[in-house]
Amino acid sequence: MLTVVNHLQGLASRLATEAGVEAGEGPGPIVPELKELYWGAGSFIVFALLMRFYLFPRLKQGMDARYAGIRADHEQADAARAAARAEVADYEAQLAAVKAEAAAKVDAARQALEAERQEQVKALNAQLAERRAAAQAETEAAKAAVRDQIHAAVADVAGRAGELATGRRPDATVVARVVNEVMAR
Amino acid sequence: MLAEAFKFPEINAILRWQDIFTSFNKIALIAVAAAVIGIVVFLLAGNKDAKVAPKGVRNLAETTVEFIEDGIVMQTMGKSGLGWTPFLLSLFIFIYLCNVPGIIPILQMPATARMAIPMFLALLVWVVYNGVGFKHQGIKYLTHTIWPPGVPVALKPLVGVIEFISNIIVRPFSLTVRLFANMLAGHILLVTFALLTQSLITAETQQLLLKPMAILPFFMLVFLTAFEVLVAFLQAYIFTILTAVYIGGAAHPEH
């Protein structure tokens, strides 16, 4: 342990010698030394004055110019964004108008088509009814003609049969009435 | 025996240095270097193209300016205090560059661990903020300083004495001592652990355990060196922000 003590003491005195002072030499550590005071003060004053009148304004000017540029760019970008938004709104309004117009046209066309369809359906129905009536009349006429033919044939057959049975020809009107009655059953 | 084993060198042996030439020692060298480095950095920064995104030395300078403006001036004085940015910027950079040599090999001495520079800066700040006070408020500055608004009349004599001592006498003293004592304490701690490490390593002893034990003070030395990096910045920041607070208070007592 003694060697450590000796070593520390030797180190301390060597440190003091290297520092250029003997142990305990010079003013107390809290007493300001004049040379340090005026070199420190001088250095700071020169630095502060240069900073105030040259270094800082020069740097700040550049910073302000760049920030102004950035701000202007931002404003420009904001304006472009607003213009783009206005254009989009305009486009959307136009699109809505066109869509409304198209919808109205489609609606009108649909209505026109519906009306036309209705008309055509109506005409076709009328045509069909007309044709049906004509066909029915034709059928009725054919039926009546066939009935008349049958009537005439039956009356003729009945008259001949009566003539053959009685030797005289029955009255045609009687035969016709009887045939009518029989056919009407 | 143990007390003798840890006998520390005389304080002047670790604080005072042989003159480099007449009236110019290591502290003066550090102070001049701090100013020169600050000037060169801002000169180089000013020469770079300001229109493009800053990098390198310009980035460093602009970051420092913005730190002072946003972190100190705007927080303590508001927009009206921006005119004080160059002064506060100079103060911060100069103190920081005077603090940092405490951990730079070969230099290993913060210039602010000597009384002269902190005292000069504190007195300068004292003159500045009192000057600002008189400029903005005239002679009323004195009454505003010693009697803050709302003090009852009966308490005015007592408060007046306390505020006068606090604002006019103690402020420069506390500014000086805070910076000087913190840096001196850090320097002494670094010297202590460095000496202890060296002594344990080079001790001529039969005790085998003694030399490996040097790792303990060495770790402390490394830790304290890192801590001093923080202290160097912090002390410069504290001195600057207090200056801003004092100037702001003198210019606008209502705040």
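The largest nonpolar core holds 74 residues, and Ala31(B), Leu88(B), Phe92(B), Phe94(B), Ile95(B) and Cys98(B) touch the most other members. Such a core is a set of buried Ala, Val, Leu, Ile, Met, Phe, Trp, Tyr and Cys residues joined through C-beta atoms within 7 Å. Elements giving two or more residues to this core include helix 2 (34-166) of chain A and helix 3 (26-47) of chain B. Helices are DSSP runs (H or I, at least four residues), numbered from the N terminus.

This is a predicted model, in which local features need pLDDT of at least 70, side-chain atom pairs count only at pLDDT 80 or more, and totals for chains, interfaces and linings use all residues. Residues are numbered from 1 along each chain as its sequence is written, while chains are lettered from A and ligands numbered from 1 in the order in which they are written.

Leaving aside neighbours within four places in sequence, Cys98(B) contacts Ile30(B), Ala31(B), Ala34(B), Pro110(B), Ala111(B), Thr112(B) and Ile117(B). Contact means C-beta atoms, placed from the backbone, within 7 Å.

Two residues with positive phi sit in the loop between helix 5 and helix 6 of chain B. Neither is a glycine. Most residues other than glycine have a negative phi.

| Residue | Phi | Other C-beta atoms within 10 Å | Exposure |
|---|---|---|---|
| Ile106(B) | about 80° | 6 | exposed |
| Gln108(B) | about 40° | 16 | partly exposed |

A residue is buried with 20 or more other C-beta atoms within 10 Å of its own, exposed with 12 or fewer, and partly exposed in between.

Methods
Two residues are in contact if their C-beta atoms, placed from the backbone, lie within 7 Å.
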